[in-house]
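Me: I've got this one open and would like a close look at a single part of it. Could you walk me through how that part sits among its neighbours?

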Amino acid sequence: MKAKEIILQKTAGLLVERGFGNVSVSDIQQHTGMARGLLYHYFGNQDRLFEDAVRMLAEQWAVHKETLKNHSIAELMVSLLGKYRQLA
């Protein structure tokens with residue numbers, strides 16, 4: 001997995017676990033093991049990083065929704081949240 005993908009995945013996991021107001025760039029650094037400069041290189045700022053992470057979650061929601069269309073919304077949400085909590 002490339003550095004940008006790792007950053008997005010870990011950021012998504014933190015956002016799911018903690019919410020927007022409780023995630024900082026320092027938290028993302030700690031969970032990715034990557035330098036702050038690399039985060040800014042790929043995303044420019046924290047808002048853009050969060051936007052891209054949420055966009056990625058929405059795209060994955062659409063993919064998983066089709067895969068799990070015989071399951072309830074609650075089951076789908078539990079599945080996705082579990083996946084991203086593991087990444088945090």
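Which helix holds the place of A3? Start there and work through the packing around that helix.

Reply: A3 has its place in helix α1, so let's use that helix as our thread, citing the class of A3 as we go: at 22% relative accessibility A3 counts as partly exposed. Keep in mind that this is a predicted model.

First, the setting. The chain has 5 helices and 0 strands, and reading along the sequence gives the pattern α-α-α-α-α. Of its 88 residues, 28% count as buried. Take the contacts between residues at least 6 apart in sequence: 56% of them join residues at least 24 apart.

Now back to A3. Leaving out residues up to four places away in sequence, A3 touches M34, L38 and Y42. M34 is 31 residues from A3 along the chain, yet their C-alpha atoms are separated by 8.4 Å.

Two of those partners, L38 and Y42, also turn up in the packing of α1 against α3. These two helices pack at an angle of about 95°, with their axes 10 Å apart. That angle makes α1 roughly perpendicular to α3, as it falls in the 65 to 115 degree range. On the α1 side the contact is made by A3, K4, I7 and L8, and on the α3 side by L38, L39, Y42 and F43. Sort those residues by class and you get 7 nonpolar, no polar and 1 charged.

Next, the other partner of α1. Helix α1 covers residues 3–18 and helix α2 covers residues 25–32; their axes come within 10 Å and cross at roughly 120°. That lies outside the 65 to 115 degree range for roughly perpendicular and is not over 145, so α1 and α2 are oblique to each other. The crossing is right-handed. From α1, the contact draws on I6, I7, K10, T11, L14 and R18, while α2 brings D27, I28, H31 and T32. The class mix here is 4 nonpolar, 3 polar and 3 charged residues. I7 is listed in the contact with α2, and I7 is listed in the contact with α3 too.

What about α2 and α3 with each other? They pack at an angle of about 105°, with their axes 9 Å apart, and are therefore roughly perpendicular to each other. V25, S26, I28 and Q29 of α2 meet R36, L39 and Y40 of α3. Those residues divide into 4 nonpolar, 2 polar and 1 charged. I28 is part of this contact, and I28 also belongs to the contact of α2 with α1. Likewise, L39 of α3 takes part here and in the contact with α1.

So far that's helix against helix; here's the core. The largest nonpolar core has 15 residues, and those with the most contacts inside it are I7, L8, V23, I28, L49 and F50. The elements giving two or more residues to this core are α1, α2, α3 (36–43) and α4 (46–67). Your helix does well here: α1 supplies the largest share, 5 residues.

T11 is a good spot to zoom in on. T11 is found in helix α1 and is buried, with a relative accessible area of 0%. Residues up to four places away aside, T11 touches I28, L49, F50 and A53. Of those, I28, L49 and F50 are among the core residues with the most contacts.

F50 returns the favour. Again not counting residues up to four places away, F50 touches T11, L15, F20, V23 and I28. If you follow L15 and F20 from there, you reach V54, which touches both under the same sequence limit. V54 is found in helix α4, and at 35% relative accessibility V54 counts as partly exposed. V54 and T11 are 43 residues apart along the chain, with their C-alpha atoms separated by 9.0 Å.

To pull it together: partly exposed A3 touches M34, L38 and Y42, whereas T11 of the same helix, α1, is buried. In terms of packing, α1 is roughly perpendicular to α3 and oblique to α2.

Technical notes. Residues are numbered from 1 along each chain as its sequence is written. This is a predicted model: local features need pLDDT of at least 70, side-chain atom pairs count only at pLDDT 80 or more; totals for chains, interfaces and linings use all residues. Side-chain values use heavy atoms; hydrogens and water are left out. Axes are lines fitted to C-alpha atoms, for helices over the stretch in contact, and angles run from 0 to 180 degrees between N-to-C directions. Helices (H or I, at least four residues) and strands (E, at least two) are DSSP runs, numbered from the N terminus. Angles under 35 degrees count as roughly parallel, over 145 as roughly antiparallel, 65 to 115 as roughly perpendicular and the rest as oblique. A crossing is left-handed if the near helix is turned anticlockwise from the far one by less than a right angle, and right-handed if clockwise. Contact means heavy atoms within 4.5 Å. Ala, Val, Leu, Ile, Met, Phe, Trp, Tyr, Cys and Pro count as nonpolar, Asp, Glu, Lys and Arg as charged, and the others, Gly among them, as polar. A nonpolar core is a set of buried Ala, Val, Leu, Ile, Met, Phe, Trp, Tyr and Cys residues joined through side-chain atoms within 4.5 Å. Buried means under 20% relative accessible area, exposed over 50%, partly exposed in between (1.4 Å probe, protein chains only).
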